[in-house]
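Load the model and set the cartoon view. The stops below go from one helix outward to the core.

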Amino acid sequence: MTANVPLGAHITSNGVSFCVWAPKASKMHVCLFSGDEENDSIPMDRDSKGYWHVEIEGLSEGTRYGFRADGAYDPDRGLWFDPSKLLLDPYATKIDRAYLYDDDLTASREANIDTAKLVPKAVVCGELPKAKKFDAKFPVGGLIYELQVKSFTKQHPDIPEDIRGTIAALGHPIVIEHLKRIGVNAVEMMPITAWIDERHLIPLGLNNSWGYNPVSYFALDPKIAPGGIVELRKAIEALHEAGISVFQDVVFNHNGESDKHGPTLSFRGLDAQSYFRNFENEPGHLINDTGCGNSIDCSHPIVRRLILDSMRYFVEYAGIDGFRFDLGPALGREDENNGKFNPQAELLQEILADDVLKDCVLIAEPWDIGPGGYQLGNFPSRFYEWNDAYRDDVRRFWRNEDNMVGKFATRLCGSADIFQTSDLSSENKTRSINFVAAHDGFSLLDLVSYEEKHNFENGESNRDGHNENISWNNGVEGHTDDIAIITKRRVDLKAILSSLFLSRGPIMLTAGDEFGRSQKGNNNAYAQDNETTWLNWEERDTQIERHVSSLAEIRKTLGLLDNTEFVDEGDVVWRRFDGDPMTVSDWETPDLGAFAMEIPAKNVLILFNRTDRHQTLIRDGNTQTIRPRTVNVLFTGNRNN
């Protein structure tokens, strides 16, 4: 680990000290601003390890600043030093406004275009007290509720207008009431640190609404957090008081400076050769294992330190309880391993060993587009992992595909085929994050309403987004007023949601899927900062919402919140609908449409039926007619849910 130098801006007894790492720069200045007017430019001193320092007397909290780095300019060699580019301090914890893309941010040094008026300024902040410790822990089989901050409350009629679409709204009593009603154990915020639009969106009149294009790993984006870190911690405190954990989706795999033609905003202007992964002997050719133009070098000591410091900051000063790592294999890619994923990589081991992070929930999205990028099941044992096999197999089962009963049952029971190990020293519990829909892809309602994606509003002629969504439309593509089709879709939604809530391990819902949100068939709505992604609270399907609430109660009753052990033969009895145990022949029946899972210890039968006819179950003298496309829970001998 790099020496513990206090990076960033820190208030001292005399003023403010500044420190930034840029070992290949020949000169470094910290520039002070009133608005966009540059008042002063102070040279910094370099030490032997590439850290530049200066202490400026008389400065105080609220000072606006940026860095200018000088040195060689040779993009083909990965050198972008250009003193006309104002650079964000990687350790800045606040910026004075949101980022707006401008082509001048990409101009070459020869163009000599000063970017000070185009970019936000870092703001010197005082030391915050530590956040209150949240004693309640996320239950190991809890419900994670994924949301994008702005779209979640932008159209909520009961939220005060001045905080709609902000982090502050997450702590509002009406939001917490809704979360509690549907059994949420943790809110997972999609990216909240400052981001910039991709350059191709500007001519299309679109904006990045998801935030997966960061400029900063510390400073919150003013669009959703005008009150900064204080606003975040107040919202988290309110959620904690309601017993709800808060997770942060972090993007440590790339940044918004994109490829070699992208804007120079921070990392690129300080040391692109170190912050980004480059092809061997071609330092100007950026590796793009993310599909976003560049790949952060998570094996470099300065980058590892930046990531760990960022995580600690949000845990200690905001109260964050866990992290979801976007394109998680990036954390374990090492150049000495030819860029391949290494589950024992230094950064991963440092995260696991860190005292501040020891109680944090860690969730990996276990894939990227780089070589060997699909790593489901291969992260260290403390990491939960998004399970796309669960997503796809549950979809295929309810789409009535053949030979899916065995796979479906395996997914319900924790996906032992993926996560079970032969290591007797490990806890050997499921690490699956079970989900059927997420921010990326169809919403749950669109899953049963569209057979094909409809992404034309994204301006890419419907080429973007996944082509195969394992979806179906129930007879009509998209919106319909046909009550029969609306009813079929509602039945499908209830069946899918029931399967999810009766699965072993943590489960995840994306905000709005509990009441039938639609994105009009757009399965890649990252650039739709409008009614396409803003939740319509006034037109939500209350039938579906009530169903989710009842499922949350059943899940709690069955003890699925505190159990992540794999389901084995002693835990369940698989039965046909006539009550007899399933045979090998039954499991191998391609079009088997109905079966039951008995949990003797709980005195319960869970009935799964995807056939087009009614099924009648007779069990212990208890007769029940099961409608098509349903999941019913029968507590034998006492009550029927």
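Contact here means heavy atoms within 4.5 Å. Keep in mind throughout that the model is predicted.

Start by selecting helix H3, residues 228–241. At 1.5 Å a residue its 14 residues should span 20 Å, and the end C-alpha atoms are 21 Å apart, which agrees. Colour H3 by burial next: ten of the 14 residues are buried, so the helix is largely enclosed by the rest of the structure. Among the buried ones are Gly 228, Glu 231, Arg 233 and His 240. To see what covers the buried residues of H3, show helix H2 (173–181), strand S12 (186–189), strand S13 (245–250) and H5, which are included in that cover. Just after H3, stop at Gly 243, where phi is positive at about 80°.

Now add H5, residues 301–318. The axes of H3 and H5 lie 9 Å apart and make an angle of about 60°. That makes H3 oblique to H5. Which residues meet here? From H3 come Ile 229, Leu 232, Arg 233 and Ile 236; from H5 come Tyr 313, Phe 314, Tyr 317 and Ala 318. Seven residues of this contact are nonpolar, one is charged and none is polar.

Widen the selection to the largest nonpolar core, which has 164 residues. Leu 232 is one of those with the most contacts inside it, as are Phe 18, Tyr 65, Met 189 and Phe 325. Helix H5 supplies the largest share of this core, eleven residues. A second, separate core of 13 residues includes Ile 144, Phe 247, Ile 363 and Phe 435.

Finish on Met 189, whose contacts include Leu 147, Leu 170, Leu 232, Phe 247 and Ile 320.

Notes. Residues are numbered from 1 along each chain as its sequence is written. This is a predicted model: local features need pLDDT of at least 70, side-chain atom pairs count only at pLDDT 80 or more; totals for chains, interfaces and linings use all residues. Side-chain values use heavy atoms; hydrogens and water are left out. A nonpolar core is a set of buried Ala, Val, Leu, Ile, Met, Phe, Trp, Tyr and Cys residues joined through side-chain atoms within 4.5 Å. Buried means under 20% relative accessible area, exposed over 50%, partly exposed in between (1.4 Å probe, protein chains only). Helices (H or I, at least four residues) and strands (E, at least two) are DSSP runs, numbered from the N terminus. Axes are lines fitted to C-alpha atoms, for helices over the stretch in contact, and angles run from 0 to 180 degrees between N-to-C directions. Angles under 35 degrees count as roughly parallel, over 145 as roughly antiparallel, 65 to 115 as roughly perpendicular and the rest as oblique. Ala, Val, Leu, Ile, Met, Phe, Trp, Tyr, Cys and Pro count as nonpolar, Asp, Glu, Lys and Arg as charged, and the others, Gly among them, as polar. The expected span of a helix is 1.5 Å times one less than its number of residues. Lists of a residue's contacts leave out its neighbours within four places in sequence.
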